[in-house]
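Me: I've got a fold open on my screen and I'd like to learn how to read it piece by piece. Can you walk me through it?

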Amino acid sequence: MNPNTLSAEQKLAISEVISRFAYGYDERDMQMIEDCFADNAEITMRIADGDLIGPFSGLEAIMGLMSGAMNEQTDVRRHAFSNIFFESEAGEPKVVSTMILVATENGVIELLSAGAYQDTFTQQDGSWRILKRHIQLDKSY
């Protein structure tokens, strides 16, 4: 394999990790979420023009962030990722995607937020995993 180019199958596998994260979060499947991240993964985020939040480093911190957020939610969330493209394929692939977040509560669907995700991927145990994730949300949710 050319080290500067990913195959279509590799790109599809990486894109699927993004989708599996979204589905895992929406279904509150903690194991599915955990399987999306490398052991030494890191997440940072910024909401609108606010201060940088994080980093949340390592699986324990990331899973704590996820479960803490879920525990505060009374609605049903749906994360929709689109506009996925590869910013860099050399070394550890860097991927950009757009996220739209909607919630349903008491029969009402509401747009909560939108934003851009910047992910760096690595291979661990033969699978693609998120190594670094930066979330830039357009507004708080």
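Reply: Sure, and keep in mind that this is a predicted model. Let's begin with a helix: helix 3, residues 59-71, lies across strand 1 and strand 2. Helix 3 runs at about 45 degrees to strand 1.

Me: Okay, now the sheet. How many strands form it, and in what order?

Reply: The general idea is that strands of a sheet pair through backbone hydrogen bonds, either parallel or antiparallel. Here six strands make an open sheet, ordered 2-1-6-5-4-3, with mixed pairing. Strand 2 (52-57) and strand 3 (76-88) stand at the edges with a single partner strand each, so one side of each has no neighbour in the sheet. On average, neighbouring strands are turned by 20 degrees against each other, ignoring direction.

Me: And what packs on the sheet?

Reply: Helix 1, residues 8-26, does. It touches strand 1 (37-47), strand 3, strand 4, strand 5 and strand 6 (127-137). The direction of helix 1 makes about 160 degrees with that of strand 3.

Me: Back to "mixed". Which strands pair in the parallel sense?

Reply: Strand 1 and strand 6 do, over seven bridges. If you want a residue pair to click on, Thr44 has His134 in strand 6 as its bridge partner.

Me: What about the antiparallel sense: how many bridges do strand 4 and strand 5 have?

Reply: Twelve bridges link strand 4 (residues 94-105) with strand 5 (residues 108-124). Within that pairing, Ser97 sits opposite Tyr117 of strand 5. Strand 5 also runs antiparallel to strand 6, joined by ten bridges, and there Phe121 stands opposite Ile130 in strand 6.

Me: How many residues lie between the strands in the hairpin of strand 5 and strand 6?

Reply: Two residues, and Asp125 takes a positive phi near 55 degrees in this hairpin. For another positive phi, look just after helix 1: Arg28 follows that helix, with phi near 60 degrees.

Me: Is strand 6 mostly covered or mostly uncovered?

Reply: Mostly covered, with eight of its eleven residues buried.

Me: Let's do helix 1 properly. How far does it reach from its first C-alpha to its last?

Reply: With 19 residues, helix 1 reaches 27 Å, close to the 27 Å expected at 1.5 Å a residue.

Me: And which of its residues are buried?

Reply: A general rule helps: an α-helix has 3.6 residues a turn, so residues three or four places apart point the same way. In helix 1, the buried residues include Gln10, Ile14, Val17, Ile18, Phe21 and Tyr25.

Me: Ala22 is found in helix 1 too. Why does it count as buried?

Reply: Its relative accessible area is 4%, and buried means under 20%, so Ala22 qualifies. Not counting residues up to four places away in sequence, Ala22 touches His79 and Phe81. Ala22 and Met32 are ten residues apart in sequence, with 9.5 Å between their C-alpha atoms.

Me: Try one from strand 3. Is Phe85 buried, exposed or partly exposed?

Reply: Partly exposed, because its relative accessible area of 43% falls between the 20% and 50% cut-offs. Phe85, in strand 3, is in contact with Lys94, Val95 and Val96 once neighbours within four places in sequence are left aside.

Me: How far apart are Phe85 and Phe21 in sequence and in space?

Reply: They are 64 residues apart in sequence, and 17 Å apart in space from C-alpha to C-alpha.

Note on methods: Residues are numbered from 1 along each chain as its sequence is written. This is a predicted model: local features need pLDDT of at least 70, side-chain atom pairs count only at pLDDT 80 or more; totals for chains, interfaces and linings use all residues. Side-chain values use heavy atoms; hydrogens and water are left out. Two strands pair if DSSP finds at least two bridges between them. Helices (H or I, at least four residues) and strands (E, at least two) are DSSP runs, numbered from the N terminus. Axes are lines fitted to C-alpha atoms, for helices over the stretch in contact, and angles run from 0 to 180 degrees between N-to-C directions. Contact means heavy atoms within 4.5 Å. Buried means under 20% relative accessible area, exposed over 50%, partly exposed in between (1.4 Å probe, protein chains only). The expected span of a helix is 1.5 Å times one less than its number of residues.
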